[in-house]
Amino acid sequence: MNSVAENYLESTRKQFAYYKSLGDKTFAQLNDTAIHWQENEDSNSISIIVKHIVGNMLSRWTNFLTEDGEKEWRHRDTEFEATYKTKAEMIAAWEKGWQCLFEAINPLQAEDVSRIIYIRNQGHTVCLLYTSDAADDSLRVDLGGRRIIKKYPLQSEAAARGDTT
C-alpha cells in the first residue's frame with residue numbers, strides 16, 4: 001500500500017507531465033510568427049512566457065535539494081526579453097527546462113516530501129515547492145494559450161460546452 005507521500009509524489013509527477021503536454025500541444029499548432037505575437041506592448045508573447053518558465057525551472061530545480069532555488073546565475077529580468085528566433089529554438093529551451101524538472105523530481109522518495117529546501121533563503125518543504133511550481137507553471141501556460149487563441153484559434157483539450165463524454 002502506498003503512503004500519502006508516495007501518492008502525492010506520483011500525482012504531482014503526473015500533473016507536471018500533463019502541464020507539459022498542454023504546452024506541447026499548443027506549440028504544435030503555432031508557427032514562428034505566432035510564438036512572438038503580443039496582444040499589446042505591455043503583454044508577453046508565448047516565447048517570452050516560455051523563456052520565463054524555463055528560467056524558473058532551471059533555477060528552482062537544479063540541485064534543488066542542496067542549493068537555494070534562486071540561483072545567482074539566473075538573470076530573471078532578461079527572461080522578459082525576446083531572444084528566441086524560431087519555434088524550434090523555443091521548444092529546445094522548453095524541453096531543457098522540463099528535463100531539469102523531471103530529473104530532479106523523478107528520484108524523490110516519500111521521505112523527501114517533508115525535506116526543507118530554500119528559495120531566496122526562505123525555507124519551504126519539497127511538498128510546497130511541488131505544489132506552488134505546478135500551479136504557477138500551469139497558470140502561465142494557460143494564460144499564454146488564452147492570449148494567443150484570440151489571434152490564432154487553437155484546438156483545446158477541454159471539453160466543449162455541453163459535451164459530457
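A pocket here is an open set of points on a 1 Å grid over the protein atoms alone, with protein on both sides within 12 Å along at least five of seven lines, and its lining residues have an atom within 4 Å of a point. Its volume is the space filled by probe spheres set on the points, which are joined across faces, edges and corners. The model is predicted, so to speak with filters on: local features need pLDDT of at least 70, side-chain atom pairs count only at pLDDT 80 or more, and totals for chains, interfaces and linings use all residues. Residues are numbered from 1 along each chain as its sequence is written, and side-chain values use heavy atoms, with hydrogens and water left out.

Let's start with the second largest pocket, at about 170 Å³. Its lining includes Lys51, Val54, Gly55 and Leu58, along with Trp73, Arg74 and His75. Helix 3 (46-61) and helix 4 (87-105) each give at least two lining residues, and helix 3 has the largest share, with 4. Helices, by the way, are DSSP runs of H or I with at least four residues, and strands are E runs of at least two, numbered from the N terminus. By class, the lining splits into 4 nonpolar, 3 polar and 4 charged residues. Nonpolar covers Ala, Val, Leu, Ile, Met, Phe, Trp, Tyr, Cys and Pro; charged covers Asp, Glu, Lys and Arg; the others, Gly among them, are polar.

Now for how those two helices pack. The axes of helix 3 and helix 4 come within 9 Å and cross at roughly 25 degrees; axes are lines fitted to C-alpha atoms, for helices over the stretch in contact, and angles run from 0 to 180 degrees between N-to-C directions. Helix 3 and helix 4 are therefore roughly parallel, the label for angles under 35 degrees, while over 145 counts as roughly antiparallel. Val54 and Leu58 are among the helix 3 residues that meet helix 4, where Ala93 and Lys96 are among the partners (contact means heavy atoms within 4.5 Å). This contact has 15 nonpolar, 2 polar and 1 charged residues.

Helix 4 also packs on helix 1 (residues 4-28), at about 175 degrees with the axes 12 Å apart. That pair is therefore roughly antiparallel. Phe16, Tyr19 and Phe27 are among the helix 1 residues in this contact, with Trp94, Trp98 and Phe102 among those of helix 4. The contact divides into 12 nonpolar, 1 polar and 5 charged residues.

Finally, a backbone detail. Most residues other than glycine have a negative phi. Arginine 120, in the loop between strand 1 (116-119) and strand 2 (122-125), has a positive phi of about 55 degrees. Asparagine 121 lies in the loop between strand 1 and strand 2, and its phi is positive too, near 65 degrees.

Key:
On a 1 Å grid over the protein atoms alone, a cavity is a set of points where a 1.4 Å probe fits but cannot get out, and a pocket is an open set with protein on both sides within 12 Å along at least five of seven lines; lining residues have an atom within 4 Å of a point. Angles under 35 degrees count as roughly parallel, over 145 as roughly antiparallel, 65 to 115 as roughly perpendicular and the rest as oblique.
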